[in-house]
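User: Please take me through the fold and the packing of this chain, one question at a time. I should like each answer to show its reasoning.

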Amino acid sequence: MPAEDIAADSGGGIFSSVLLGQEQLSDRLFVTVSQVGGAFNGLLLAIDKETGENIWEWEMPFYAWSSPTVVYDEEGAGRVIIGDVKGGLHLLDGA
């Protein structure tokens, strides 16, 4: 089945695990949302754990069904890593 047909059939939404931040990112969680505003569009959201409000969002070049992960440096600053359905791998500052 072509990717376009799979995308059209899924209806979009959250298909990955939610990632709970730690260290300097302990106030947030990260989640990907697929097919927001179009068949191949996606968002990566950083959401405040206490209020549920968006801290930031990033419009992905293509959506992701994979779960985000975070790597931390010695000071506890975190970088979010997320892959998309077209094979792109993205690194973002979690703050």
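Analyst: A residue is called buried when its relative accessible area is under 20%, exposed when it is over 50%, and partly exposed in between. The model discussed here is predicted.

User: With that cut-off, how many of the residues of strand 2 are buried, and which residues point each way from the strand?

Analyst: Arg28, Phe30, Thr32 and Ser34 point one way from strand 2, while Leu29, Val31 and Val33 point the other way. Every one of these residues is buried. Strand 2 (residues 28-34) is therefore largely enclosed by the rest of the structure, the buried count being seven of the seven residues.

User: What is the order of the elements from the N terminus on?

Analyst: The chain has one helix and seven strands. From the N terminus on, the order is α-β-β-β-β-β-β-β.

User: Which strands stand at the edges of the open sheet?

Analyst: Four strands form this open sheet, with antiparallel pairing, in the order 1-2-3-4. Each edge strand has a single partner strand, so one side of it is left without a neighbour in the sheet. The edge strands are strand 1 and strand 4.

User: How many bridges join strand 2 to strand 3, and how many join strand 1 to strand 2?

Analyst: Strand 1 (residues 19-20) runs antiparallel to strand 2, and Leu19 has Phe30 as its bridge partner there. Strand 2 also pairs with strand 3 in the antiparallel sense, where the bridge partner of Thr32 is Leu44. The counts are seven bridges between strand 2 and strand 3, and two bridges between strand 1 and strand 2.

User: Which residue in the turn between strand 3 and strand 4 has a positive phi?

Analyst: Strand 3 and strand 4 run antiparallel and are joined by six bridges. Across this pair, Leu43 stands opposite Glu59, and Ile47 stands opposite Asn54. The two strands form a hairpin with five residues between them, and the turn residue with a positive phi, about 80°, is Gly52.

User: Which elements give two or more residues to the largest nonpolar core?

Analyst: In soluble globular proteins, nonpolar side chains tend to be buried together. Here the largest nonpolar core has 11 residues: Leu25, Phe30, Leu44, Ala46, Trp56, Met60, Ala64, Val70, Val80, Ile82 and Leu92. The elements that give two or more residues to this core are strand 3 (42-48), strand 4 (54-60) and strand 6 (78-83).

User: Which residues belong to the other core, apart from the largest one?

Analyst: This other core consists of six residues. Among them are Val33, Leu43, Leu45 and Ile47.

User: Leaving aside neighbours within four places in sequence, with which residues is Phe30 in contact?

Analyst: Phe30 is a member of the largest nonpolar core, and Leu19 is its bridge partner. Beyond four places in sequence, Phe30 is in contact with Ser17, Val18, Leu19, Gly21, Leu25, Leu45, Ala46, Trp56, Pro68, Val70, Val80 and Gly94.

User: Is Val85 buried or partly exposed?

Analyst: Val85 lies in the loop between strand 6 and strand 7 (89-93). Together with Phe15 and Trp65, Val85 forms a nonpolar patch on the surface, with about 260 Å² of accessible area in total. The relative accessible area of Val85 is 36%, so the residue is partly exposed.

User: What share of the accessible area of the whole chain do carbon and sulfur atoms supply?

Analyst: Buried residues make up 39% of the 95 residues. The chain exposes about 5,400 Å², and the share from carbon and sulfur atoms is 52%.

Methods
Residues are numbered from 1 along each chain as its sequence is written. This is a predicted model: local features need pLDDT of at least 70, side-chain atom pairs count only at pLDDT 80 or more; totals for chains, interfaces and linings use all residues. Side-chain values use heavy atoms; hydrogens and water are left out. A nonpolar core is a set of buried Ala, Val, Leu, Ile, Met, Phe, Trp, Tyr and Cys residues joined through side-chain atoms within 4.5 Å. Buried means under 20% relative accessible area, exposed over 50%, partly exposed in between (1.4 Å probe, protein chains only). Contact means heavy atoms within 4.5 Å. Patches are made of residues with over 30% relative accessible area and no salt bridge: like charges are joined within 9 Å, nonpolar side chains (Val, Leu, Ile, Met, Phe, Trp, Tyr) within 5 Å. Accessible areas come from the Shrake-Rupley method with a 1.4 Å probe; for residues, only the protein chains shown count as cover. A salt bridge is a side-chain nitrogen of Lys or Arg within 4 Å of a carboxyl oxygen of Asp or Glu. Two strands pair if DSSP finds at least two bridges between them.
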